[in-house]
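Here are some friendly notes to read with the model open beside you. Take the points in order, and look for each feature on the screen as you go.

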Amino acid sequence: MSSTTDPQGVTEVATYPLNIEINGETRQLQVYPWTTLLDLLREQLGLSGTKKGCDHGQCGACTVLLNGKRINACLTIAVMHDGARLTTVEGLADGDELHPMQAAFVKRDAFQCGYCTPGQICSAIGMTAEGRAETAEQIREQMSGNLCRCGAYPNILSAIEDAMPDTRKQLERSSEVSR
């Protein structure tokens, strides 16, 4: 880790450049080497949709999509993702039109307090892209890393089942555009 000492003897830790696309916008940032992706989003960029739950990767409240794959933002260091494409819950809607997964969560009342909802939605989209869950049991297993303390699991499952076909179509369209 690089640091410098000024004439008064104060040690300053160097920051590192980070070029990252967040919700479709390319950002050039300076970050400390210990900054997690979650802290970058919430504290430096003001994107508070991604929640800090356990801060240990056990609850899934901080789930975001990194290059289309779901990850726990609390467990990854921001500087590791130079040049990456990041999508948070704030970047899912197209203007006023909700992403199909967001719309299904609203329709199915798949939240109570709403704290886990952004992570649940991002995880469900990532899970859909992975293509490993077709049945209700497989969805439950693949979503087991996202906890809901309110117990809205039946409605979350219904919302995901409802939204998977439209989410798949949207994922296919976006991959065609990025080719």
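How many salt bridges does the rule find across the interface of domain 1 and domain 2? Keep that in mind while you read; the reply comes in point 4.

1. **What you are looking at.** This is a predicted model. The protein has 179 residues, and buried residues make up 39% of them. Along the principal axes, its C-alpha atoms fill a box of roughly 65 × 40 × 30 Å.

2. **The order of the elements.** You should find five helices and seven strands. Starting at the N terminus, try tracing the chain as β-β-β-β-α-β-β-β-α-α-α-α. Next, consider contacts between residues at least 6 apart in sequence: 53% of these join residues at least 24 apart.

3. **Two domains.** The domain assignment gives domain 1 as residues 16-91 and domain 2 as residues 100-172. Taken over C-alpha atoms, the centres of domain 1 and domain 2 are 20 Å apart. Where the domains meet, 16 residues of domain 1 are in contact with 16 residues of domain 2.

4. **The salt bridge.** Now for the opening question: the rule finds one salt bridge across the interface of domain 1 and domain 2. Have a look at Glu-130 and Arg-70, which form a salt bridge with their closest N and O atoms 2.9 Å apart. Polar contacts are counted as well, and between domain 1 and domain 2 there are eight residue pairs of this kind.

5. **The domain 1 side.** Which strand gives the most to the side of domain 1 that touches domain 2? Strand β5, residues 63-66, does, with three residues. Sorted by class, that side of domain 1 has five nonpolar, eight polar and three charged residues.

6. **How much area is buried.** The size of an interface is often given as the accessible area lost when the parts come together. Between domain 1 and domain 2 the buried area is about 1200 Å², and carbon and sulfur atoms give 55% of that area.

7. **A residue to visit.** Finish at His-81, in the loop between β6 (69-72) and β7 (85-87). Is His-81 buried or exposed? His-81 counts as buried because its relative accessible area is 13%, and the cut-off for buried is under 20%. If you set aside neighbours within four places in sequence, the contacts of His-81 are Leu-18, Asn-19, Ile-20, Leu-37, Leu-66 and Thr-76. Try displaying those side chains together with His-81.

Note on methods:
Residues numbered from 1 in each chain as written. Predicted model: local features only at pLDDT ≥ 70, side-chain atom pairs only at ≥ 80, totals over all residues. Heavy atoms only, no water. Domains from an automatic or database assignment. Contact = heavy atoms within 4.5 Å. Buried area = accessible area lost by both parts, 1.4 Å probe. Salt bridge = Lys/Arg side-chain N within 4 Å of Asp/Glu carboxyl O. Polar contact = N/O pair within 3.5 Å; in protein donor to acceptor, adjacent residues only side chain to side chain. Helix = DSSP H or I, 4+ residues; strand = E, 2+ residues; numbered from the N terminus. Nonpolar A, V, L, I, M, F, W, Y, C, P; charged D, E, K, R; others polar. Buried < 20%, exposed > 50% of the residue type's maximum accessible area, 1.4 Å probe, protein only.
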